[in-house]
Structures are given as structure tokens and as C-alpha cells.
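When reading a protein model for the first time, it helps to begin with single residues and then to widen the view step by step. The report below follows that path, from individual side chains to the contact between domains.

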Amino acid sequence: MEHPTNPAWQDHLFMGGWQITDGPGFNAVEPATGQQLARLKEATPQDVADAAHIAGKAQPAWASLPFDQKARILRKAAELLESRANEINYWNTRECGSIGPKAEWELQATCEQALMSAALPMQPHGEIFPSNMPGRRNYWKRVPVGTVGVIAPWNFPILLSMRSVFPALAMGNAVILKPDPKSAICGGLLMAEILQAAGLPEGVFHVLPGGPDVGEALVNHPDVGMISFTGSTAVGKKIGETCGRMLKKSALELGGNNAMVILDDADLNAATSSAAWGAFLHQGQICMQAGRHLVHESVADAYIEQLAARAKNLVTGNPWKDQVHLGPLINEQQALKVEQMVNQSVAMGARIVAGGKRNGAFFEATVIAGATPDMPIFSEEIFGPVAPVMTFRSDQEAIELVNASPYGLAAAIHSASTGRAQAIADQLHVGMIHVNDQTVNNEFQVPFGGMGSSGNSGRFGGPANLEEFTTSQWVSVMEQGIQYPF
Ligand code: NAD
């Protein structure tokens, strides 16, 4: 069923409430067809300054709202997300090219984020420390940062925005969210409607769709105390530089080039099932995508044959019209980039075993044999449905190959011996490792994040959120004033 646009989207921005603005407009475009879905308002750097002002005024009252009232609003947001599931999944399919199950999973994971965040305000927020001065009490407590800027990508736009927005709000911050314009409806405007309907006080949450100039204005604004950024390593480094110069807190969740390691004793049926899911889900447009398949040489032929058979069974098409496994990439430019990486690698000696063809923004599930570390398909983040396979001879060589990448987001290891797999895991410079599974994993209650070029060691999820979205304060109390020597 088609869902209508909200008339407010055309000429309003959500700045703690819907506000008419006179900035430029832009089209929300369906990647599968190129069709215009809606006309939306783009934010300007001036809107960032205005939002920061409004947020700064609203934040103290929000922070001092009793914890149970904050929790109630976040639980209500989860309830509204579920009750509007058909509509949100509709927009995720049409605006982002997501297949139904991806959209459903993303929404469910976002509900869990809301519910987990609703439990944060009631957690202990501090500790009592002893003092070496008689009659003194020391307590240390978490306090909100103030206003948190959230900059999110287009691939899982709802989850990757809200995994920062919900806990930041829960910890008493105001939030300014800058979604990518390619996913401004699901990753921003619908979330503004949900939080407003859930009863979030005016002024506390803002949604400013826009490009790099709006992102930069947010990062550079002196009243925005923290940036939570999810996106590419190149942009993350720039943001990190600015935040460092401004002594601003930053959480940077960046790109990946994640390895699946298949040992000689692995169950190949399970390994290739994992590999197909990890490489092709959402057309490979996932930071945790299984982009490097390192396979022991003794089982490589069988692995390639089974993975290619799975790839050839996958149907690519318009997920709004048909039952498909793979939808379009986010736009034709992205598909062209993937095609170019494949072609360059083939020119360097790689062999396409399945797929390899592009049609507009669509790209087939592709398996490539004979990959080597110097090929772009192996050394760079692909962000497309391509599984390059390379062989190794020993566990030590596999470890060295995994660690040769500057990225360190996720890895997976398949082996009949979980002890052997864990011994390898202990030597990987990677933030998240899954034994006998694939690389694309996210559980809301477990701290999530990467190492190396995949981030600055920030972590989302579970207890990590308490630390991530707060700063802290030491308060000492003397029963009576002290007489110092002078
Ligand atoms: P991107 O870095 O181009 O854009 C991400 C966001 O940053 C967008 O909202 C964009 O408008 C904004 N932006 C761009 N330039 C900016 C600037 N100079 N200053 C401030 N903001 C700016 O990334 P993308 O292409 O949208 O997303 C794909 C990338 O994100 C991949 O590299 C992927 O691996 C990564 N990613 C990482 C995670 C993770 O959790 N580690 C999750 C999803 C995606």
C-alpha cells in the first residue's frame, strides 16, 4: 500500500517543532526507478545555528525532567514505531531500496534501541569515592554533554540515526540530527513525527537534512558539545580533526573491509550460507559487509563453487514491485563505482565466477576468484554485492591477511574447532568477531564499534551508551569549612 507524504515536509524543517523555512528544496528519489517520491526542505548552516540556539535553551529543562518521565517518552516512541511499521517500512523500501525483511529488521532493531534507552535514565549515574580528608564526601556523577550533533548515513538510516539519538536523549541531552538527504524521510522526518507524538518537549530534538555544508556547520558550532558520526572513514577523519581542534567529544563509527576466514575444517555449507548473507544483504551496502573472503587453499574450490551457486540463485529487482533478494544500490553512481572496482580487478587477473553485471543502479550478486591484496576489490571497502575470494595456507597467514587492512570493524571465522577459531580471534585487530557466523551482526545490548580506520574507539549499545553520551563531574562536600595554612 502506498503511503502519502506529510505536507509539512515540503516547506518545514523540524527544529524542536515544525517550522516554515525559506531554504532550498530537494527531491527524495526512489533509487529503483529514479521517480520523485517527495519534495523536501534542505537545511542551511543558518538553520544549524538557529537549532543550536533553540536546543541550548530547551536542554536544561529536559535534563532535569524526572527519569521516569524521560523513560515514558522513549517507551512511547518504541510503541509508535511499531504501530507505524507498515508506513516506515514502505518508506525504507522506496526511499532506500531496502527489501522487506531488511526494512522490518531495521525497524525492530530501532524499537529495541528505544526500549534499551528508556532503561538508561534509571541506571545509577555516579559513584561515591572515599576521601583522605576527614569530614569530606566525594561523589562523581555523569552529566549530559548538552547538545549532541548526530550525523548519519543512508544505508541503515533509521537504526544508525536512532542508535545515537535515543541514548543521547535518555542521558538528558538535546539532539540535532543531520540525516543524509538520500534518506531524509526514514532517517529523519518520520523520526521527528514519532518523537513529537511520543511527547518529547519542544525544542529538544531537531532534524536538519542537508549535505556536507550542513554537517560541517554542526561540527563547527561551538554550542554543539559532541558529534556522533556514522559514515565513511574519509569524512570521519575530517570531523575528528575539527573536534580535536575544538576539544569536542566525538564518537566516530566509520568504514570497514571485513574478513570472513574459512579454515580447512569448516562446515562449507554453513560457511557459504553465512558468506552469502554477509556479502549480499542490502546489496552489500553495510559497513560490516563481508568484503574479503579468506579461504584455506584446500577448500577454496569447493567454497567458491558453493558460494557462486548461492549467488546465482539470488534475484535482483525493484523491492517495492517484486519479491527480490537484492534491490538497487542507493544510486547509479554507486553502482558504477562498484562496476569500476570489479573491472579493474579483473584487468589485474581476478575471475568473475558469478554475477558481475550492472543495470542502472542494480548490480548482481557477484563472486570473484583469484583476488590478491593489491586489487581494489580486495583492498578497498566495496559497498556493493561483491564477494572476492583469496586463499591462504596457514592460520598465521590468515591472521596477517586480516590485520593487513587498516580497517578493523568486524570479522568472522569458520572452523569445526571453536578453540582454534578463538585463538585466531585473539590475534585480530578488529572490534567485533563472530565465530561460525558472518560479519553483519548488531545486538542492541552489546557494545558495538571498530578499531583502526573503522572508528575512534567509541562504542554504542548497552552499558557503553552511559559513557558515550555523557561527561562527568566530581563534587566534594565538606561538613565544615577548612582552615588552610594561608
Ligand atoms: P559519508 O561519510 O559520505 O556520509 C555520512 C554522513 O556524513 C552523511 O549524512 C553526509 O551528508 C555527511 N557528511 C558528508 N561530508 C561531510 C562533512 N564534510 N562534514 C560533516 N558531515 C558530512 O558516508 P556514506 O556514503 O553516507 O555512508 C557509507 C559509509 O558509512 C561507508 O564507509 C560505511 O562503511 C560507513 N558506515 C559505517 C557504519 C559503522 O557503524 N561503522 C555504519 C554504516 C555505514
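Ser98 lies in the loop between helix α4 and helix α5, the latter spanning residues 100-119. In this predicted model, Ser98 has a relative accessible area of 0%, and because the limit for a buried residue is under 20%, Ser98 counts as buried. Once its neighbours within four places in sequence are set aside, Ser98 is in contact with Asn92, Thr93, Ala103, His282 and Pro319. One of these partners, His282, is 184 residues away from Ser98 in sequence, yet the two C-alpha atoms are 6.4 Å apart in space.

**Two further buried residues**

Gln289 is placed in the loop that runs between α10 (268-280) and β13 (290-296). Its relative accessible area is 4%, so Gln289 is also classed as buried. The side chain of Gln289 reaches the backbone oxygen of Ala279, at a distance of 3.0 Å. Ala279 also appears among the contacts of Gln289 beyond four places in sequence, a list that further includes Asn258, Gly278, Gly284, Phe383, Pro385 and Val440.

Thr230, by comparison, belongs to a strand, namely β10, which covers residues 226-230. With a relative accessibility of 7%, Thr230 is buried. Which side chain makes a polar contact with the side chain of Thr230? The partner is Arg163, and the distance given for this polar contact is 3.3 Å. Arg163 is likewise found among the residues in contact with Thr230 when neighbours within four places are left aside, together with Ile151, Ala152, Pro153, Leu160, Glu253 and Phe460.

**Salt bridges**

The count of salt bridges in the model comes to 14. Three of the pairs are set out in the table, with the distance between their closest N and O atoms.

| Pair | Closest N and O atoms |
|---|---|
| Arg94 and Glu30 | 2.8 Å |
| Glu87 and Arg84 | 2.9 Å |
| Asp180 and Lys182 | 3.3 Å |

The salt bridge between Arg94 and Glu30 links distant parts of the chain, with Arg94 in helix α4 and Glu30 in the loop between β3 (25-29) and β4 (36-41), 64 residues apart. Arg94 is buried, at 4% relative accessibility, and Glu30 is buried as well, with a relative accessible area of 2%.

In the pair of Glu87 and Arg84, the two residues fall into separate classes: Glu87 has 17% relative accessibility and therefore counts as buried, whereas Arg84, with a relative accessible area of 21%, is partly exposed. These two values lie on either side of the cut-off, because a residue must be under 20% to be called buried.

The pair of Asp180 and Lys182 can be described in a similar way, since Asp180 is buried at 14% relative accessibility, while Lys182 is partly exposed at 33%. Salt bridges that share partners also join Asp264, Asp265, Asp395 and Arg420 into one network.

**The two domains and their contact**

The domain assignment divides the protein chain into domain 1, made of residues 13-254 and 455-473, and domain 2, made of residues 258-435. The centres of domain 1 and domain 2, taken over C-alpha atoms, are separated by 31 Å. To the contact between them, domain 1 contributes 20 residues and domain 2 contributes 23 residues.

The size of an interface is often expressed as the accessible area that is lost when the parts come together. For domain 1 and domain 2, the area buried between them is about 1,700 Å², and 69% of it is on carbon and sulfur atoms.

What kinds of interaction are counted across this interface? Between domain 1 and domain 2 there are three residue pairs in polar contact, with both residues at pLDDT 80 or more, and the rule finds zero salt bridges across the interface. On the side of domain 1 that touches domain 2, helix α4 (residues 85-96) gives the most, with five residues. The residues on this side of domain 1 divide into eight nonpolar, six polar and six charged.

How values were computed. Residues numbered from 1 in each chain as written. Predicted model: local features only at pLDDT ≥ 70, side-chain atom pairs only at ≥ 80, totals over all residues. Heavy atoms only, no water. Domains from an automatic or database assignment. Contact = heavy atoms within 4.5 Å. Buried area = accessible area lost by both parts, 1.4 Å probe. Salt bridge = Lys/Arg side-chain N within 4 Å of Asp/Glu carboxyl O. Polar contact = N/O pair within 3.5 Å; in protein donor to acceptor, adjacent residues only side chain to side chain. Helix = DSSP H or I, 4+ residues; strand = E, 2+ residues; numbered from the N terminus. Nonpolar A, V, L, I, M, F, W, Y, C, P; charged D, E, K, R; others polar. Buried < 20%, exposed > 50% of the residue type's maximum accessible area, 1.4 Å probe, protein only.
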